[in-house]
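Biologist: I would like a close look at a single part of this model, taken slowly and in one connected account.

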Amino acid sequence: MAPVKTQNVLADHTTLRLGGPAAGLVVAETTEELLDAVRRAGEPMLLLGGGSNLVIGDAGFDGTVIKIATRGWRIDGDSVEVAAGQNWDEFVAAVVEAGLGGLECLSGIPGSVGATPIQNVGAYGCEVADMLTSVELYDRRTGEVRTMSAADLGFAYRTSVLKGTNAGIVLSVRFALRTDGLSAPVRYAELARALGVELGDRVPAADARKTVLELRRGKGMVLDAADHDTWSAGSFFTNPIIPDAEAEGVLARIGAEAPRYPADGGVKLSAAWLIQHAGFDKGHQGPGGRVSLSTKHTLALTNRGHATTEDLLALAREVRDGVRERFGVTLHPEPLLINCAI
């Protein structure tokens with residue numbers, strides 16, 4: 001069966017509901033259709049999963065967009081292999097229900113499975129890298145399908161060797177999960193408080209999932225078409241990591257009350273704290289009120305219903321420049337920016 005051609009307005013395929021047209025858009029529902037579409041696409045080409053980590057310019061994309069819509073997973077003991085186009089939270093819900101632990105703290109994250117290793121998706125003290133064992137991918141340079149182990153993927157904070165390139169296209173992902181029905185050790189203080197446990201404790205994976213979903217809903221981070229606070233790309237800025245050589249001066253400037261966490265080669269700061277203390281409160285509006293910071297969480301930039309991508313970028317620039325002026329720290333966007341920039 002040939003891939004199905006669909007309407008090519010990209011705003012219809014992103015959680016921000018922003019983005020202009022694509023020159024062509026193809027939906028691939030099987031791995032064979034995906035491989036065929038990629039081989040035919042040429043350049044430029046854009047891969048689209050759940051559209052939850054994309055900001056697409058108002059002019060759209062002058063090339064072929066391939067929407068990866070493969071689905072399904074296979075459980076074999078503690079090993080689970082899942083298709084790249086599978087909805088992530090649907091998958092997490094299923095493995096938790098099956099009594100497998102390890103991914104429960106990543107509940108409620110929008111998007112598809114194949115995108116998770118690309119940016120090493122993480123939340124509430126857990127990262128995909130903690131449980132991922134390998135990915136199967138199509139190498140466009142060699143034309144071969146091959147397997148890359150977790151060690152080969154170069155995982156770091158919100159990144160991997162797959163980020164920023166279409167050279168390797170994820171076809172499926174394999175995880176090694178816990179078969180005792182318990183969560184990974186709780187590492188995030190807010191989650192531990194909500195669960196009533198100590199850091200490092202393990203709880204039933206279903207309890208951790210339920211609590212994570214409640215926390216995320218309170219921050220507008222679970223998709224809800226009726227709630228404009230969820231018309232976003234999630235956290236718009238990454239938490240900045242300040243190199244050790246610069247940390248003393250930056251920390252003196254932001255003050256002792258600012259949250260900070262150890263990180264490889266430096267200190268990680270809270271982007272949400274920096275934004276709020278630079279004078280941008282929840283609900284801070286951008287041009288014409290068409291975009292705003294979420295009314296629940298300062299780290300999400302939201303479309304209030306009639307925005308353009310340029311409206312969103314103007315707000316992003318305002319926030320970035322305000323934080324830099326106040327604290328001397330430059331925030332960087334987490335979503336992939338397509339045919340646009342801040």
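Biologist: Which residue takes a positive phi just after α2, and which residues of helix α2 are buried?

Modeller: Bearing in mind that this is a predicted model, I would answer by walking along the helix from its start to the residue that follows its end. Helix α2 spans residues 88-97, and its N-terminal end is capped by Asn87, which places a side-chain oxygen 3.2 Å from the backbone nitrogen of Asp89. Asp89 is itself one of the buried residues of the helix, and the others are Trp88, Phe91, Val92, Val95 and Val96. These six positions may look scattered when read along the chain, but because they cover an arc of only 155° around the axis, they lie on the same side of α2. The general reason for such spacing is that an α-helix has 3.6 residues a turn, so residues three or four places apart point the same way.

As for what that side meets, the buried residues of α2 pack against strands and a helix from several parts of the chain: β6 (73-76) and β7 (79-83), which precede α2 in the numbering, together with β12 (168-176) and α4 (205-218), which follow. Your first question concerns the other end, where Gly99, just after α2, takes a positive phi of about 85°. Taken together, the part runs from the cap provided by Asn87, through a helix whose buried residues share one side, to the positive phi of Gly99.

How values were computed
Residues are numbered from 1 along each chain as its sequence is written. This is a predicted model: local features need pLDDT of at least 70, side-chain atom pairs count only at pLDDT 80 or more; totals for chains, interfaces and linings use all residues. Side-chain values use heavy atoms; hydrogens and water are left out. Buried means under 20% relative accessible area, exposed over 50%, partly exposed in between (1.4 Å probe, protein chains only). Helices (H or I, at least four residues) and strands (E, at least two) are DSSP runs, numbered from the N terminus. The arc is that of the directions from the helix axis to the C-beta atoms. Contact means heavy atoms within 4.5 Å. A polar contact is a pair of N or O atoms within 3.5 Å; within protein, one must be able to donate a hydrogen and the other to accept it, and residues adjacent in sequence count only if both atoms are side-chain atoms.
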